[in-house]
Amino acid sequence: MIEVYIDGASAGNPGRSGAGIFIKAHGITEKFSIPLGIMSNHEAEFHAFIKGLEICLEKGFVDSVVSFRTDSELVNKSVEKEFVKNKLYAPLLEEALHLAGKIELFFMKWIPSAENKLADELARHAIQKNPSEEPNNQS
């Protein structure tokens with residue numbers, strides 16, 4: 001089984017954001033810290049999920065059992081119900097469900113934040129990788 005821990009974070013809401021993804025597969029661990037630009041925390045959580053799915057598909061995990069772990073109740077419940085109340089997140093959920101459908105056995109599990117610390121650290125590190133919000137206008 002492949003375990004994928006995901007987390008999204010924002011410095012402000014909205015603010016500079018990042019995705020943290022930690023994958024345990026076939027005895028190998030991989031860490032990803034991906035800057036996402038300016039968005040809300042909930043958007044960052046969905047984008048972390050999408051990025052995690054994209055990485056799994058790039059690695060050819062389509063015929064595997066892939067278990068995603070998130071501390072985002074919004075993402076977990078949205079995936080479980082295949083529905084999100086806030087229309088802003090509907091296209092993100094639709095994209096995520098489309099990608100998840102390409103994996104033979106896909107699972108999503110909610111975990112407490114204490115069990116998702118590594119993905120959280122990766123997401124926070126990704127925030128720092130974003131360019132500064134204020135452009136440097138010096139000549």
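Here a biologist and a modeller talk through a predicted model, one question at a time.

Biologist: Let's start with strand 1. How many of its 11 residues are buried?
Modeller: Strand 1 covers residues 2-12. The rest of the structure largely encloses this strand, because the buried residues among its 11 number nine.

Biologist: Which strand pairs with strand 1 in the antiparallel sense, and over how many bridges?
Modeller: Look at the hairpin, where strand 1 is joined to its partner with two residues between them. At one position Gly12 stands opposite Gly15 of that partner. The antiparallel partner is strand 2, and the bridges number 10.

Biologist: And which residue of strand 4 is the bridge partner of Val4?
Modeller: Strand 1 also pairs with strand 4, in the parallel sense and over five bridges. For Val4, the bridge partner in strand 4 is Phe68.

Biologist: Is Phe68 buried or exposed?
Modeller: The cut-off for buried is a relative accessible area under 20%. Phe68 comes out at 0% relative accessibility, so the label is buried.

Biologist: On to helix 1. What span should its 18 residues have, and how far apart are its end C-alpha atoms?
Modeller: Helix 1 runs over residues 41-58. At 1.5 Å a residue, the expected span is 26 Å, which agrees with the distance between the end C-alpha atoms, 25 Å.

Biologist: Which residue just after helix 1 takes a positive phi?
Modeller: Helix 1 has a good list of buried residues, including Phe46, Phe49, Leu53 and Cys56. Just past the end of the helix, a phi of about 80° turns up, and the residue that takes it is Gly60.

Biologist: What about helix 3: within what arc do its buried residues fall?
Modeller: In helix 3, residues 90-100, the buried ones are Leu92, Leu93, Ala96, Leu99 and Ala100. Looking down the helix axis, you find them lining one face, because they fall within an arc of 130°.

Biologist: Which exposed residues sit on the face of helix 3 turned away from that buried side?
Modeller: The buried residues have packing partners: helix 1, helix 2 and strand 5. The face turned away from the buried side carries the exposed residues Pro91, Glu94 and His98.

Biologist: Now for charges. How far apart are N and O in the salt bridge of Glu3 and Lys24?
Modeller: Side chains of opposite charge can pair when their charged atoms come close. Glu3 belongs to strand 1 and Lys24 to strand 2, 21 residues apart. Glu3 is buried, at a relative accessible area of 17%, while Lys24 is partly exposed at 35%. From N to O, their salt bridge comes to 3.5 Å.

Biologist: Which residue partners Glu30 in a salt bridge?
Modeller: The side chains meet at 3.1 Å, N to O, and the partner is Lys59. The pair ties together parts 29 residues apart in sequence, because Glu30 lies in strand 3 and its partner in the loop between helix 1 and strand 4. Glu30 is partly exposed at 27%, and also partly exposed, at 35%, is Lys59.

Biologist: How far apart are the closest N and O atoms of Glu73 and Lys77?
Modeller: These two are four residues apart in helix 2, separated by about one helical turn. Glu73 is partly exposed, with a relative accessible area of 45%, and Lys77 is partly exposed at 44%. Their closest N and O atoms are apart by 3.8 Å.

Biologist: How many salt bridges does a search of the whole structure find?
Modeller: Besides the pairs we've discussed, shared partners join Glu3, Lys24 and Arg69 into one network. Across the whole structure, the search finds five.

Biologist: Last topic: rings. Why is the pair of Phe49 and Phe106 called tilted?
Modeller: The whole structure has five aromatic pairs. In this one the ring centres are 5.9 Å apart and the planes meet at 35°, so the pair is tilted. The pair links helix 1 to strand 5, across 57 residues. Planes from 30 to 60 degrees apart are what count as tilted.

Biologist: Which residues form one aromatic cluster?
Modeller: Phe68 and Phe106 also pair, with ring centres 5.6 Å apart and planes at 50°, so this pair is tilted. Phe68 lies in strand 4 and Phe106 in strand 5, so parts 38 residues apart in sequence are tied together. The cluster is made of Phe49, Phe68 and Phe106.

Notes:
Residues numbered from 1 in each chain as written. Predicted model: local features only at pLDDT ≥ 70, side-chain atom pairs only at ≥ 80, totals over all residues. Heavy atoms only, no water. Buried < 20%, exposed > 50% of the residue type's maximum accessible area, 1.4 Å probe, protein only. Arc of directions from axis to C-beta. Contact = heavy atoms within 4.5 Å. Expected span 1.5 Å × (residues − 1). Salt bridge = Lys/Arg side-chain N within 4 Å of Asp/Glu carboxyl O. Pairing = 2+ DSSP bridges. Phe/Tyr/Trp six-rings, centres within 6.5 Å; stacked < 30°, edge-to-face > 60°.
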